[in-house]
Amino acid sequence: WYHGLYRLRARWRLRSEAIDILRSNLLVAALTLSALFIFKQEDVSRLFLVALFTVQPLVTLAIRGLLRFTFSELRRRGHNARFMLVVGTGKLAQDFADLVEARPGLGLKVIGHLSVPGEAHHVVTRPILGGLDAIEEVLHTNIVDEVAACLPPQSARLLEPIASLAADEGKTVRIPVDPSEGSVRNAREAEFDGLLVRWLVQDGQRLTIIRTPNQ
């Protein structure tokens, strides 16, 4: 739970899930061994614990890998789809929408874009559903599971209100940010098709922050 492993579709790659499984296992192992030492439980087999904390993550990863493969195949056939709203109509918005829909195993369908004030428009191939001020109406009148805020640098001030609003509505939020911003506290990272994907836990919500290497 602490590492967000019960949150569905938080990770797009098995490698990212494996890293968090390993972290969780190491945390539990450290807490268990510390408790045994503090309470002087010497009758517990250390060999059993070594075997347990070696086999457990391998079995967990194998089961999750099998489930991931099964669900990916179902999504490729059009089942269990999720729907994404992209905030932004620039090149990044178009490229990101193309990227997620080019991976049918993700099961993501982009329903359209919202335009942002002052953004240089790019020719997007999906419907423009309105301006940014229509975001609440779009979220309430459409099936939306995820919101991707693909904004230009001059609109960075809009990221926080968009993320907060979408997270309050129970949506997964994905946000491209400038790589020059450096590390983010409480964030974890994974590479995905040329994107560096960050998972950030904030105010009890898990936000996924995405940045491009050349943005």
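Me: A helix is a DSSP run of H or I with at least four residues, and helices are numbered from the N terminus. In this predicted model, what is the place of R68?

Reply: R68 belongs to helix α2, which covers residues 46-76. The protein contains five helices and eight strands, and along the sequence they follow the pattern α-α-β-α-β-β-α-β-α-β-β-β-β.

Me: What makes the pair R68 and E17 a polar contact?

Reply: The side chains of R68 and E17 are joined at 2.3 Å. The limit for a pair of N or O atoms is 3.5 Å, so this pair qualifies. Besides E17, R68 is in contact with R11, W12, R13 and L14, leaving aside neighbours within four places in sequence. The C-alpha atoms of R68 and W12 are separated by 9.8 Å, although the two residues are 56 residues apart along the chain.

Me: Why is R126 called buried?

Reply: R126 has a relative accessible area of 13%, and buried means under 20%, so R126 is buried. R126 is located in the loop between β2 (108-115) and β3 (128-131). Not counting residues up to four places away in sequence, R126 touches Q94, A97, D98, E101, V110, G112 and H113.

Me: How do you know that E101 and R126 form a salt bridge?

Reply: The closest N and O atoms of the pair are 2.9 Å apart. A salt bridge requires a side-chain nitrogen of Lys or Arg within 4 Å of a carboxyl oxygen of Asp or Glu, so the pair meets the rule. This pair links distant parts of the chain, with E101 in helix α3 and R126 in the loop between β2 and β3, 25 residues apart. R126 also has a polar contact of 3.5 Å with the side chain of T125.

Me: Why is E101 called partly exposed?

Reply: E101 has a relative accessibility of 31%. This value falls between the 20% limit for buried and the 50% limit for exposed, so E101 counts as partly exposed.

Me: What makes E146 and R174 a salt bridge, and why are these residues called buried?

Reply: The N to O distance between their side chains is 2.4 Å, and the limit is 4 Å, so the pair is a salt bridge. E146 lies in strand β4 and R174 in strand β5, 28 residues apart, and the pair links distant parts of the chain. E146 has a relative accessibility of 1% and R174 has 0%. Each value is under 20%, so each residue counts as buried. In addition, salt bridges that share partners join E17, R64 and R68 into one network. The count of salt bridges comes to nine.

Me: How do you know that D20 is buried and that R23 is partly exposed?

Reply: The relative accessible area of D20 is 3%, which is under 20%, so D20 is buried. The value for R23 is 38%, which lies between 20% and 50%, so R23 is partly exposed. Both residues are in helix α1 (residues 14-38), three residues apart, about one turn of the helix. They form a salt bridge, with the closest N and O atoms 3.3 Å apart.

Me: Why is G105 called buried?

Reply: G105 has a relative accessible area of 12%, which is under 20%, so G105 is buried. G105 lies in the loop between α3 (91-101) and β2. Its C-alpha atom is 5.3 Å from that of R76, while the two residues are 29 residues apart in sequence.

Me: Which residues touch the most other members of the largest nonpolar core?

Reply: Of the 22 residues in this core, they are L85, V87, I135, V147, L151 and I162. Helix α5 gives the most to the core, with five residues. Apart from this core lies another, of 12 residues, among them W12, A97, L106 and V110. In soluble globular proteins, nonpolar side chains tend to be buried together.

Me: What makes L67 partly exposed?

Reply: L67 has a relative accessibility of 43%, between 20% and 50%, so L67 counts as partly exposed. L67 is in helix α2. Together with V55, V59, I63, F71 and L74, L67 makes a nonpolar surface patch of about 490 Å².

Note on methods: Residues are numbered from 1 along each chain as its sequence is written. This is a predicted model: local features need pLDDT of at least 70, side-chain atom pairs count only at pLDDT 80 or more; totals for chains, interfaces and linings use all residues. Side-chain values use heavy atoms; hydrogens and water are left out. Helices (H or I, at least four residues) and strands (E, at least two) are DSSP runs, numbered from the N terminus. Buried means under 20% relative accessible area, exposed over 50%, partly exposed in between (1.4 Å probe, protein chains only). A polar contact is a pair of N or O atoms within 3.5 Å; within protein, one must be able to donate a hydrogen and the other to accept it, and residues adjacent in sequence count only if both atoms are side-chain atoms. Contact means heavy atoms within 4.5 Å. A nonpolar core is a set of buried Ala, Val, Leu, Ile, Met, Phe, Trp, Tyr and Cys residues joined through side-chain atoms within 4.5 Å. Patches are made of residues with over 30% relative accessible area and no salt bridge: like charges are joined within 9 Å, nonpolar side chains (Val, Leu, Ile, Met, Phe, Trp, Tyr) within 5 Å. Accessible areas come from the Shrake-Rupley method with a 1.4 Å probe; for residues, only the protein chains shown count as cover.
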